[in-house]
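Biologist: Got a minute to go through this one with me? I'd like to hear the reasoning behind the labels, not just the labels.

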Amino acid sequence: MARKRVGILISGRGSNMESLIDAAQAKDFPAEIVRVVSNRPDAKGLEAAQRKGIATAVVDHTKFSTREAFDAALQETLKSAKIEILCLAGFMRVLTNGFVENWQGRILNIHPSLLPAYKGVDTHKRALAAGEKTHGATVHFVVPELDSGPIVIQEKVPVKEGDDEKTLAARVLAVEHRIYPAALKLLAAGKISVKDNKVLFV
Ligand code: GRF
């Protein structure tokens with residue numbers, strides 16, 4: 001079967017992006033990463049993608065006066081690369097409902113918490129402040145409401161005594177790098193779908 005053409009949206013470091021690119025090197029991986037797009041020209045991840053031989057593009061959100069105009073330009077970039085599945089990997093822009101609906105069932109995000117706990121930013125800081133004993137990461141389908149889509153894979157990590165934001169983030173990130181490629185593999189192989197806002201394994 002033809003491998004699915006995947007685009008990755010980033011805004012920064014791109015370590016999750018790298019984990020997806022690396023996983024897709026495997027001969028039996030059902031997807032290929034064909035384009036990495038950043039909304040920030042200075043995103044470190046752009047160089048990392050180029051080093052790994054992946055074509056990159058920048059759609060700079062500061063050049064657009066509305067979210068709709070930015071999303072339309074993004075859509076055009078993805079269309080020209082014939083992208084079939086979209087992965088958000090540390091992409092720090094809220095997408096319009098219209099854009100998300102266009103990609104329904106074909107767009108994933110990685111979030112550094114056990115959703116639905118700790119939606120939004122500063123997840124590690126808030127989990128530590130609340131005295132959580134368990135934290136983790138979630139891969140979910142993207143829906144218009146932020147960090148709220150159906151969950152594909154979720155994995156826990158312990159919060160250890162003496163943890164600070166940095167040590168906890170590193171423990172969670174190691175999990176992110178494992179579960180994101182696993183979730184993309186399931187989607188690209190047609191092994192999951194969404195029904196009634198839930199993920200079905202087929
Ligand atoms: C990750 O923790 C991801 O879950 C969150 O932002 C961070 C991005 O890291 N959305 P990277 O750019 O993938 O290294």
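Modeller: Sure, and bear in mind that this is a predicted model. Take lysine 82, which follows H3: its phi is positive, near 55°.

Biologist: Let's stay with H3, then. How do you know that the span of helix H3 agrees with its 14 residues?

Modeller: Helix H3 covers residues 67-80, and at 1.5 Å a residue its 14 residues should span 20 Å. The expected span is 1.5 Å times one less than the number of residues. The end C-alpha atoms of H3 are 20 Å apart, so the two agree.

Biologist: Which residues of H3 are buried?

Modeller: Phe70, Asp71, Leu74, Thr77 and Leu78. Each comes in under 20% relative accessible area, the cut-off for buried.

Biologist: And what makes you say that they line one face of the helix?

Modeller: Looking down the axis of H3, the buried residues fall within an arc of 120°, so they line one face. On the other side of H3 you find Glu68, Lys79 and Ser80, which are exposed.

Biologist: What do the buried residues of H3 pack against?

Modeller: Their partners are S1, S2, S3, S4 and helix H4 (97-102).

Biologist: On to helix H2. Why are its buried residues said to line one face?

Modeller: The buried ones in H2 (residues 44-51) are Gly45, Leu46, Ala48 and Ala49. Seen down the axis of H2, they fall within an arc of 165°, so one face of the helix it is. Lys44 and Arg51, on the other side of H2, are exposed.

Biologist: Where does H2 sit with respect to the strands?

Modeller: H2 lies across S1, S2 and S3, and runs at about 155° to S3. Its buried residues pack against strand S1 (4-10), helix H1 (15-23), strand S2 (31-38) and strand S3 (56-58). Just after H2 comes glycine 53, with a positive phi of about 80°.

Biologist: Now the sheet. In what order do the seven strands come?

Modeller: The order is S3-S2-S1-S4-S5-S6-S7, in an open sheet with mixed pairing.

Biologist: What makes S3 and S7 edge strands?

Modeller: S3 and strand S7 (151-158) each pair on one side only. As for the twist, it averages 20° from one strand to the next.

Biologist: How do you know that S4 and S5 pair?

Modeller: Pairing takes at least two bridges. Strand S4 (residues 85-88) and strand S5 (residues 107-111) have three, in the parallel sense. For a landmark, leucine 86 stands opposite isoleucine 107 in S5.

Biologist: And how many bridges join S1 to S2?

Modeller: Seven, and the two strands run parallel. Arginine 5 stands opposite glutamate 32 in S2 there. Going from S1 through H1 to S2, the chain makes a right-handed β-α-β crossover.

Biologist: What about S2 and S3?

Modeller: Three bridges join S2 to S3, and they run parallel too. Valine 36 stands opposite threonine 56 in S3, and S2, H2 and S3 make a right-handed β-α-β unit.

Biologist: Why is S2 called mostly covered?

Modeller: Six of the eight residues of S2 are buried.

Biologist: Let's finish in the loops. Why does serine 113 count as buried?

Modeller: Serine 113 has 0% relative accessibility, and the cut-off is under 20%, so buried is the label. Serine 113 sits in the loop between S5 and helix H5 (123-129). Leaving out residues up to four places away in sequence, it touches Tyr118, Thr123, His135, Gly136, Ala137 and Thr138.

Biologist: Which peptide bond is cis?

Modeller: The one from leucine 115 to proline 116, with omega near 10°. Proline 116 lies in the loop between S5 and H5.

Biologist: Why is aspartate 147 called buried, and asparagine 197 partly exposed?

Modeller: Aspartate 147 has a relative accessible area of 10%, and under 20% means buried. Asparagine 197 is at 49%, and exposed would need over 50%, so partly exposed it is.

Biologist: What is the phi of aspartate 147, and that of asparagine 197?

Modeller: Aspartate 147, in the loop between strand S6 (134-141) and S7, has a positive phi near 50° and is not a glycine. Asparagine 197, in the loop between strand S8 (192-195) and strand S9 (198-201), has a positive phi of about 65°, and is not a glycine either.

Conventions. Residues are numbered from 1 along each chain as its sequence is written. This is a predicted model: local features need pLDDT of at least 70, side-chain atom pairs count only at pLDDT 80 or more; totals for chains, interfaces and linings use all residues. Side-chain values use heavy atoms; hydrogens and water are left out. Buried means under 20% relative accessible area, exposed over 50%, partly exposed in between (1.4 Å probe, protein chains only). Helices (H or I, at least four residues) and strands (E, at least two) are DSSP runs, numbered from the N terminus. The arc is that of the directions from the helix axis to the C-beta atoms. Contact means heavy atoms within 4.5 Å. Axes are lines fitted to C-alpha atoms, for helices over the stretch in contact, and angles run from 0 to 180 degrees between N-to-C directions. A crossover is right-handed if, with the strands pointing away from the viewer, the path from the first strand over the helix to the second runs clockwise.
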